[in-house]
Amino acid sequence: MPRFNMNWIYGIVILSLVVLYFTQGQEKSSISTQVSYSDFKVMVAKGYAKEIVVNKHQNILEMYVKPEHIRDVFHQGVEQTGKNPAVSVAIGSVDQVEQFINQQREDKTFTGKFSYDNSKDNDFFSSLIMNVLFFGGIILVWMFIMRRMGGGSGAGMGGGIFNVGKSKAQMYEKGGELGITFKDVAGQAGAKQEMQEIVDFLKSPQKYTDLGGKIPKGALLVGPPGTGKTLLAKAVAGEAGVPFFSMSGSDFVEMFVGVGASRVRDLFEKAKTKAPCIIFIDEIDAVGRARSKNPAMGGNDERENTLNALLTEMDGFGTNSGIITLAATNRADMLDSALLRAGRFDRQIHVDLPDLNERKEVFMVHLKPLKLDNTVDIDFLARQTPGFSGADIANVCNEAALIAARHNREAVGKQDFLDAVDRIIGGLEKKTKVMTEAEKKSIAIHEAGHATISWFTEFANPLVKVSIVPRGRALGAAWYLPEERVLQTKEAMLDEMCSLLGGRAAEELFIGHISTGAMNDLERTTKQAYGMVAYAGMSDKLPNLCYYNQQEYQFQKPYSETTAKIMDDEVLKMVNEQYERAKQILMEHKEGHAQLAQLLIEREVIFADDVEKIFGKRPWTSRSEELLEAQMRADAERMAEERAKELGLLPEKPENQEKPETPETNETK
């Protein structure tokens with residue numbers, strides 16, 4: 001049975017009122033017409049009357065006509081008049097009517113019922129009551145709908161159409177209710193130090209004001225998505241133990257004009273009553289974008305009015321003592337300069353992607369709830385996830401647990417984490433995708449070209465493995481272990497471009513035609529080349545020039561058409577040089593490339609040590625990279641043997657059989 005809902009009661013009451021309103025007074029007659037008193041006497045004398053009802057107060061009578069005489073009186077059939085039609089007659093004296101009716105009874109022309117109707121004395125009051133009930137029901141329904149508008153139940157902040165200008169901020173009376181402190185934030189030591197000072201301001205402001213200092217009014221958290229900006233703000237509230245107002249920048253923007261500015265004022269009014277407190281505005285770029293010099297009429301005005309109200313509240317004539325405003329965004333270049341100035345957001349705290357040591361700390365946090373086996377090495381996982389944010393690492397841990405559960409394992413192992421990283425980077429493995437032998441060979445030659453070029457270029461990222469198993473939208477992929485360099489040199493970027501072009505070069509040299517498989521490689525190469533020429537000043541004809549412009553409303557190019565033509569020529573020259581270089585390296589090692597491609601066709605997945613057996617040691621491989629690659633290979637072989645045993649493809653090995661040597665953990669570290 002469906003659940004009981006008060007809306008059913010409202011619907012039944014409204015329907016009943018409507019039915020009563022439109023059906024009152026229609027019980028007796030279907031149609032009524034006005035006739036004179038003389039015509040009435042003639043009709044009664046002819047025997048047409050079935051019933052006569054007299055209203056003394058209104059001096060009106062109604063005569064109901066017999067069914068067989070309906071056509072004689074109304075000149076219509078029963079289908080048009082209804083089963084109980086009547087004629088209405090205005091009378092002068094009730095006594096004359098009584099005498100006439102008595103006379104007709106004696107003459108046997110009227111034998112029906114004669115009565116007086118006193119209920120119609122209250123017609124005015126009954127109709128008044130019915131109208132009041134009907135329109136009152138409509139008003140109640142309207143009030144109910146208005147209460148439900150605004151996304152709430154009518155109670156609390158933001159509920160109801162009349163509270164549309166109220167702030168929708170969610171308030172925590174004590175930040176500790178969130179249950180998040182700095183212990184829950186891994187890495188980001190610099191950002192946590194900055195935020196710890198804000199906590200000290202809130203806990204003991206007198207220590208700073210005694211020296212003449214002022215408490216900062218706001219801090220802006222800037223960084224890529226998933227790095228923990230919102231988590232840091234919650235941790236500040238949890239550490240400080242003060243009221244915490246949380247709101248998204250999009251909550252200020254509404255379809256009604258002036259609502260955004262009203263919500264800003266209401267938010268700060270509530271915060272003043274709870275001071276000291278924290279206001280946190282997530283994704284502030286939704287309301288704080290740079291204002292145009294020539295604003296378009298319409299929707300843009302509402303956003304700018306909201307921004308103006310925010311600027312005034314943060315640093316206007318009013319005082320906001322004890323209120324610290326925190327905001328987070330990953331698009332700081334789009335914010336208005338007036339919002340970023342000192343006095344509003346005094347500090348800009350950069351929350352960057354975690355480095356190697358910080359990724360290790362993040363892994364330690366997300367691995368706590370998982371059941372792990374003894375093969376998991378946190379240092380190894382941290383090295384396998386360069387460029388991953390905190391949210392990405394959390395996703396890796398979750399995916400690894402799902403993969404282990406899918407294979408009915410009792411604990412999560414290292415191979416599960418490697419499969420999870422491959423799943424996130426390359427996409428879901430498509431084992432059912434059918435490819436022809438020619439396509440498989442073409443993909444193998446393409447991926448072998450990438451592997452060969454990266455092996456023989458000094459600054460290319462170290463190769464980990466190569467696969468021709470389709471994943472996501474890619475038909476093949478090569479996994480690298482990039483070194484986390486703070487600065488990129490021109491030589492390193494050219495080597496990377498050469499490695500990207502190795503797949504297309506291998507197709508042209510060893511297949512005789514090119515395909516669309518290199519589209520992603522060409523896109524990355526072109527973007528990198530334009531970045532080197534236009535932004536980094538690394539071209540021969542345009543050295544030491546940077547044309548980067550972060551002004552959002554600057555629609556003109558900061559360079560002339562002549563310079564644009566030079567840029568195009570320089571990019572084309574740079575890409576073609578690296579393409580020819582890639583073909584030259586492949587021709588020098590074409591036998592090894594052919595062996596590598598054939599090995600890929602046979603195994604579908606090969607590792608760095610397979611490439612080493614063909615080409616020899618990489619001239620620029622470090623000791624740590626060798627240990628890492630050897631350990632990966634040993635782990636992969638061990639997991640493959642275990643899976644084969646599960647399927648019954650290999651016999652159990654004797655317990656005294658020697659195990660393959662694997663690098664020690666401390667050496668890998």
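Across the whole structure, a search turns up 16 salt bridges. The structure here is a predicted model, and three of these pairs are worth walking through.

Start with Glu 604 and Lys 440, which form a salt bridge with their closest N and O atoms 3.4 Å apart. This pair ties together distant parts of the chain, with the two positions 164 residues apart in sequence numbering. Glu 604 sits in the loop between α22 (590-603) and β14 (605-607), while Lys 440 belongs to helix α17 (residues 437-455). Is each partner buried or partly exposed? Glu 604 comes out as partly exposed, at a relative accessible area of 33%. Lys 440, by contrast, is buried, because its relative accessible area is 18% and the cut-off for buried is under 20%.

A local pairing shows up in helix α20 (residues 519-535), where Lys 527 and Glu 523 lie 4 residues apart, so about one helical turn separates them. Their side chains meet in a salt bridge, at 3.2 Å from N to O. Lys 527 is exposed, with 58% relative accessible area, and Glu 523 is partly exposed at 40%.

Then there is Arg 603, whose salt bridge goes to Asp 610, with 3.1 Å between the closest N and O atoms. On the Arg 603 side the relative accessibility is 41%, which counts as partly exposed. Asp 610 is buried, with a relative accessible area of just 3%. Elsewhere, Glu 194, Glu 197 and Arg 347 are joined into one network by salt bridges that share partners.

Turning to the nonpolar interior, the largest core holds 39 residues. Which of its members touch the most others? These are Met 497, Met 532, Met 574, Leu 596, Leu 600, Ile 606 and Val 611. Quite a few elements supply two or more residues to this core: α17, β12 (463-467), α18 (490-500), α19 (502-510), α20, α21 (561-588), α22 and α23 (608-615). Helix α21 gives the largest share, at 8 residues.

Leu 596, one of those well-connected members, gives a feel for the packing. Leaving aside residues up to four places away in sequence, Leu 596 touches Ala 448, Ala 451, Thr 452, Ile 606, Val 611, Ile 614 and Phe 615. Two of these neighbours, Ile 606 and Val 611, are also on the list of core residues that touch the most other members. A second core, separate from this one, has 27 residues, among them Phe 245, Met 247, Ala 271 and Val 287.

Definitions and conventions:
Residues are numbered from 1 along each chain as its sequence is written. This is a predicted model: local features need pLDDT of at least 70, side-chain atom pairs count only at pLDDT 80 or more; totals for chains, interfaces and linings use all residues. Side-chain values use heavy atoms; hydrogens and water are left out. A salt bridge is a side-chain nitrogen of Lys or Arg within 4 Å of a carboxyl oxygen of Asp or Glu. Buried means under 20% relative accessible area, exposed over 50%, partly exposed in between (1.4 Å probe, protein chains only). A nonpolar core is a set of buried Ala, Val, Leu, Ile, Met, Phe, Trp, Tyr and Cys residues joined through side-chain atoms within 4.5 Å. Contact means heavy atoms within 4.5 Å.
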